[in-house]
Amino acid sequence: YALPTRLAAARLALIHERPYLAAAAFSLQPVPLPGLGTLAVDQWWRLYYDPAFVEAIPTHNLAAVLYHEICHLLPDEHYPPEVARLATDAEINDDIRKEFPNQLPGDPVFPETFGLPAGRLAEFYAAALLEQIEKDQCASPGTSSRQDMKAGASAGHPPMTDSPDQRAPDAAELIKRQVAQDILRIANSSQDRGTLPGHWLRWADVILHPKVDWRRALAAAVRRAVEVAAGSVDYSFIVHPFFFPGRVQPIPQVAVVVDTSGSMS
């Protein structure tokens, strides 16, 4: 489908303000969906839009909504879909209202919608929302709070389904890396230095320079060592007093080294 003129204008307005999002914005595959009442994206980078909604709001407001939807595609979500949707909505909209004051139409979700503080990450909001759900269910068994939250999260968002024109996961990852590279390139430019929001710089750094989780690395090392000690089936040569083949049981020696100098990242 061709992009409507108003939506194309909103995309250009967004790229003019946020050039590092150009790769993501031009990767969206437009799909008209009358009656949707807003814009929405799915995991295959399809942009669903309601033609009536697109024509009804000013271009700068439409650019803010497009910005919101692109933000959903770039971060990785590791929570139940309904919780992840609301948590990322809270974080994204909290950032957008600082960058695009009073430009989000309708009744957007903010952290205070759930009585949560502003300025936090989606992971914080997701954990808090899950805790609220558990408390509600303990206080009133059979409560529909989770169903209500799921309905709110999925409102205006089409189901994620496969299609012949779907984007492969590796293609989506390449788009993310391209956006991250553009962010760091602009951040290092003398002309644009200091103009990028901090949350985009942090995101780009994580995408391009992932850090090893020391907890996982240590746990894997301990598991390997314990498995070797418990097996007692390794074969080697034993000096007693001559070299004879035999079975040995390696005893692991574990040392934990803590760097306190701050010289290691």
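This briefing describes the fold, the nonpolar cores, one buried leucine and the internal cavity of the structure above. The model is a predicted one, and its protein chain holds 10 helices and 5 strands. Of the 265 residues in the protein chain, 38% are buried, and the largest nonpolar core contains 46 residues.

**Overall fold and surface**

- Among the contacts in the protein chain that have a separation of 6 or more, 56% are made by residues 24 or more positions apart.
- The protein chain exposes about 16000 Å², and carbon and sulfur atoms supply 57% of that exposed area.

**Nonpolar cores**

- In the largest nonpolar core, which has 46 residues, the members that touch the most other members are Leu39, Ile70, Trp200 and Trp203.
- Helix α4 provides the largest share of this core, with 9 residues.
- A second core of 12 residues is separate from the largest one, and its members include Leu86, Ala87, Tyr125 and Ala128.
- As general background, nonpolar side chains in soluble globular proteins tend to be buried together.
- Trp203, when its neighbours within four places in sequence are left aside, is in contact with Leu74, Pro75, Lys176, Val179, Ala180 and Ile183.

**Leu73 in helix α4**

- Leu73 belongs to helix α4, which covers residues 59-73.
- Leu73 counts as buried because its relative accessibility is 10%, whereas the cut-off for a buried residue is under 20%.
- Not counting residues up to four places away in sequence, Leu73 touches Leu28, Val41, Asp42, Trp45 and Lys176, and Lys176 is also listed among the contacts of Trp203.
- Leu73 and Ile175 are 102 residues apart along the chain, yet their C-alpha atoms are separated by 10.0 Å.

**The internal cavity**

- The count of cavities of 30 Å³ or more comes to 1, and the largest cavity encloses about 40 Å³ of space.
- The residues that line the largest cavity are Leu3, Leu7, Arg11, Ala25, Leu28, Leu47 and Leu66.
- Sorted by class, this lining consists of 6 nonpolar residues and 1 charged residue, with no polar residues; the charged residue is Arg11, because Arg is classed as charged.
- Leu28 links two parts of this account, as it lines the largest cavity and is also one of the residues that Leu73 touches.

Conventions
Residues are numbered from 1 along each chain as its sequence is written. This is a predicted model: local features need pLDDT of at least 70, side-chain atom pairs count only at pLDDT 80 or more; totals for chains, interfaces and linings use all residues. Side-chain values use heavy atoms; hydrogens and water are left out. On a 1 Å grid over the protein atoms alone, a cavity is a set of points where a 1.4 Å probe fits but cannot get out, and a pocket is an open set with protein on both sides within 12 Å along at least five of seven lines; lining residues have an atom within 4 Å of a point. Grid points are joined across faces, edges and corners, and a volume is the space filled by probe spheres set on the points. Helices (H or I, at least four residues) and strands (E, at least two) are DSSP runs, numbered from the N terminus. Buried means under 20% relative accessible area, exposed over 50%, partly exposed in between (1.4 Å probe, protein chains only). Contact means heavy atoms within 4.5 Å. Accessible areas come from the Shrake-Rupley method with a 1.4 Å probe; for residues, only the protein chains shown count as cover. A nonpolar core is a set of buried Ala, Val, Leu, Ile, Met, Phe, Trp, Tyr and Cys residues joined through side-chain atoms within 4.5 Å.
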